[in-house]
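Trainee: Could you take me through one part of this model up close? I'd like to look at the place where the two chains meet, and then at whatever helps me find my way around it.

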Amino acid sequence: MRILLIEDQIPLIKALRQGLEEEGFAVDTATDGEEGDAKARTTPYDVIVLDIQLPKVDGLTLLKRWRAGGINTHVLMLTARGTTEDKIAGLNSGADDYLTKPFELDELLARLRALIRRGHQKKDPFIRVHDLTIDTAARSVSRGTKKVSLTPREYALLEFLAFHAGTVVTRTMIWEHLYDEYDENTSNVVDVYIRYLRNKIDKGFENALIMTKWGEGYMLRGPDDLGTAAEEPAAETAKAEKPKKK
Amino acid sequence: MPSLRRSLIAYFLVLLGLALLSYALVIDRFAHETLRARQESETKRIEQEHDRNAVDAEEKFNDQMTVQARTLGSELRSVYQAITEEAQQRRPLTPEQQQAQDIQKRVQPHFSTLMIVLALGDINPLGSANIMLAVTVHRSSREHLLRSVWGWPTGTPTNNLVAERLRKSFDLSEHPDYFQIHTNLTQNRPIRSKGEHPDLALDPAGLLETNDHRFDDPDAPHLGRVRRIVYRTYLNTPNFFGMGRPPQPGRPAGGGGVGAFPRSNGDGQPVYVQYIRKLSDLDEQKIAISENRDLQLRRIESETGDSRDRLRVRVAGIAALTFVSLVVGAWFIIGIGLSPLRKLASAVSRVNERDLRLVIDKSDLTVELVPIHDKLTRSLDALRIAFEREKEAVADISHELRTPVAGLLATLDVALRRPRTAEQYQTTLEECRTISRQLAHLVERVMTLAYLDADPAQVTRLETDAAALAEGCAAVIRPISESHQLTLRTDIDGPAMLATDPDKLREVMINLLHNAVEYNRPGGEIELRVHPGKGGGAVVEVADTGIGIEPEVQTKIFERFYRADPSRTQTGVHAGLGLAIVKEYVNRLGGTIAVESQLGRGTTFRVTLPA
């Protein structure tokens, strides 16, 4: 999941970037209002973490501007001002959640995940696709009775696919949501990680869940199309490797 | 706690009470005098009436005595006449008598039937013991007298006999009072009333020719206090007897009620009637009159007293009514008068720490209350601003503290999430140290301001050379400025002696120089200028070639937590307290601080300190 962090405190930015990335988030940062505004308008972030007191343009003004301009990305306000009035002002400006500094990293992560689930109209932290179960809160995955161990990036990819289960997600979409602005600009990485994921999810199971749609992208099977996809995994695996070879 | 209304009422009551009391006293005094004057005039009138009544009573008493005396006299005369007439008829007339009768008949043809003329021998110029009588018989009530006269043995009545007859005729108990009648006939034994009475000496001396009676109060031990009337009358005698007195033509006829007695022929025999009456009768009357007077006086006195009492009751009633009505009226009037004060009080009582506005319609107030209202409003506004600034400051402080703490916490959280290499831990620790230093620095500044606020008067004045101090500061800042690629130049003109707190002055210079380093542009310049002031003291200037400050912001830069450029806060060092502390110090030292700035060119801070 890709997150924009707009914050003027350099040490905080450094710490949060590291913490979030280690949890599998792709993190972009901005240190003042104008930079944050520009990034928010050009990239479809899953969540924006917004500080209120910012140089040049303050967070509340920014948020109001976005909501008026039709940018409905989920926003988590982050500020050192902890009074009720400040919280009310933030929420009234269109913020989806509010966190007062100083905060626990775990709480920030939990709130971010909740906001992402909300973005996909899911309240249940468990996503179930056939016998695959993803616990988005604990970030653990199991297929049948077997527990699957994933790296943060693999998990992020699976979660993204799971949120869009039954529909095709393009490589660009995957790339945009899983990689930050500093990552090398190549969607090849996506195919590599799809392969890693297939090795962990589908290998050894009767039904492959991750499918390749030629010329479009990838798809996690929806709950109702298990039968038709039974013969595809092997072919898809071969096909999926093709972009990598290119 | 005393109530304004009640105390006003109390003062009013005291005043009203005094006024009413004095009015009542004046009215009472006036009424008292009027009533007393009336009483006095009334008393005088009663006294006069009493005196008049007393005199009247005495006159009446005297009149009664006079009437009595005259009655006695007339009675005597009629008896005497009857006796002489009888004697005249019963006796054969001697030639002299005949002659006298003839004369009588001749000279007194007009005698009425009741007349008796008696001539007494002793005083008769004709001598001898002859009594000549000329009698015209008339039937009278004195029949018995006549009968006894009839029985005179000699037929010639003697003086003694006549006297006896007269005396007998008065022996009737018709006269309770004491009287005594002197005639020539009864010279030795006057006719007297019954009872044991002392003989009263006859003293005709007081009787004037013109006055037939007089009164006196004789000293008569046997009778007690008495009044006597001495009355003189005459027994008629024919003229030819030549008795006693010459005719007195000037005397009035009749002599006062005894009877019409023509005396054309003269007076005749004098008869003195003394009539005595006890003064106790008169005294009784007088006592009655006096009692009446006393009664009236008492009545007047009691009436006056009643009037005064009535008046007092009325005055007291009016006073009480006035008092009560004015008290009630004053209660309401004072209530109305105090209503603006009450409204103000109510508005003030509605003020609380959440709402510091004084909500009151100014038209409800009076002129006297407007200054209070204005002052209150101003004070509350100042208070509100102070509160808001305080709130702002607390929020600012908490914000400034929370931000590095958040960084610290996040850094530690991330570091502890998984095992790290030694280098990673070292990096984390270094970051934490940096943040902690910022925190410490911030806390230091906040505490400095807090100390300044808490102890506003702590300044230690020493004779200081500002120039030498500036050199020291420049030496401290120079390495820092060089690390920022800045040139620090000094223009110090010493010595600039002044009595000041060297620590605070150093703090001021260091802060300003730090500021100049912080807000400069790379490759810029800083100039520190120190000169002695015109009237002593010193002028310190710190000029930079930084971004400059907008004019509308220049007044705000000395406020706490104000930052001219928020973007510079990302270093975390500047919480916007530096200039606030500088200004506070400069104020303590009795100096002033001014700022001149051109956007993009740079800023100059000028501190002027007194000697």
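Mentor: Sure, let's start with the contact between the chains and then move out to some local details.

Keep in mind that this is a predicted model. The contact takes in 26 residues of chain A and 28 residues of chain B. Together the two chains bury about 2,400 Å² between them, and 53% of that is on carbon and sulfur atoms.

Now for the charged pairs. Five salt bridges are counted between chain B and chain A. One to find on your screen joins the side chains of Arg417(B) and Asp106(A), with N and O 2.5 Å apart. Then there are the polar contacts: seven residue pairs between chain B and chain A count here, with both residues at pLDDT 80 or more.

Which elements of chain B give two or more residues to the side that touches chain A? They are α6 (370-416) and α7 (422-454) of chain B. Of these, α6(B) gives the most, with 17 residues. If you sort the residues on this side of chain B by kind, you get nine nonpolar, nine polar and ten charged.

Next, the partner on the other side. Chain A has twelve strands and nine helices. Of its 246 residues, 53% are buried. Look at its contacts with a separation of 6 or more, and you'll see that 60% of them are between residues 24 or more positions apart. The area that chain A exposes is about 10,500 Å², with carbon and sulfur atoms supplying 51% of it.

Let's pick one helix of chain A, α2 (residues 33-42). Its buried residues are Gly33(A), Gly36(A), Asp37(A), Lys39(A) and Ala40(A). What lies over them? The cover for the buried residues of α2(A) includes the strands β1 (2-6), β2 (26-30) and β3 (47-51), along with the helix α3 (59-68), of chain A. At the N-terminal end, α2(A) is capped by Asp32(A), which has a side-chain oxygen 3.0 Å from the backbone nitrogen of Glu34(A).

Two loops of chain A are worth a stop as well. Pro102(A) sits in the loop between β5 (97-100) and α5 (105-119) of chain A. The peptide bond that joins Lys101(A) to Pro102(A) is cis, with omega at about -5°. Further along, Arg139(A) is in the loop between β7 (132-135) and β8 (140-143) of chain A. Arg139(A) isn't a glycine, yet its phi is positive, near 55°.

Chain B has a residue with a positive phi too: Gln485(B), at near 60°, is also something other than glycine. You'll find Gln485(B) in the loop between α8 (466-483) and β10 (487-492) of chain B. Is Gln485(B) buried or exposed? Its relative accessible area is 54%, and the cut-off for exposed is over 50%, so Gln485(B) counts as exposed.

Compare that with Gly305(B), which lies in helix α5 (residues 279-350) of chain B. Gly305(B) has a relative accessible area of 16%, so it counts as buried, where the cut-off is under 20%. To place Gly305(B) in the fold, look for Arg36(B): the two are 269 residues apart along the chain, but their C-alpha atoms are separated by 9.6 Å.

How values were computed:
Residues numbered from 1 in each chain as written. Chains lettered and ligands numbered in written order. Predicted model: local features only at pLDDT ≥ 70, side-chain atom pairs only at ≥ 80, totals over all residues. Heavy atoms only, no water. Contact = heavy atoms within 4.5 Å. Buried area = accessible area lost by both parts, 1.4 Å probe. Salt bridge = Lys/Arg side-chain N within 4 Å of Asp/Glu carboxyl O. Polar contact = N/O pair within 3.5 Å; in protein donor to acceptor, adjacent residues only side chain to side chain. Helix = DSSP H or I, 4+ residues; strand = E, 2+ residues; numbered from the N terminus. Nonpolar A, V, L, I, M, F, W, Y, C, P; charged D, E, K, R; others polar. Buried < 20%, exposed > 50% of the residue type's maximum accessible area, 1.4 Å probe, protein only. Areas by Shrake-Rupley, 256 points an atom, 1.4 Å probe, with all protein chains shown as cover.
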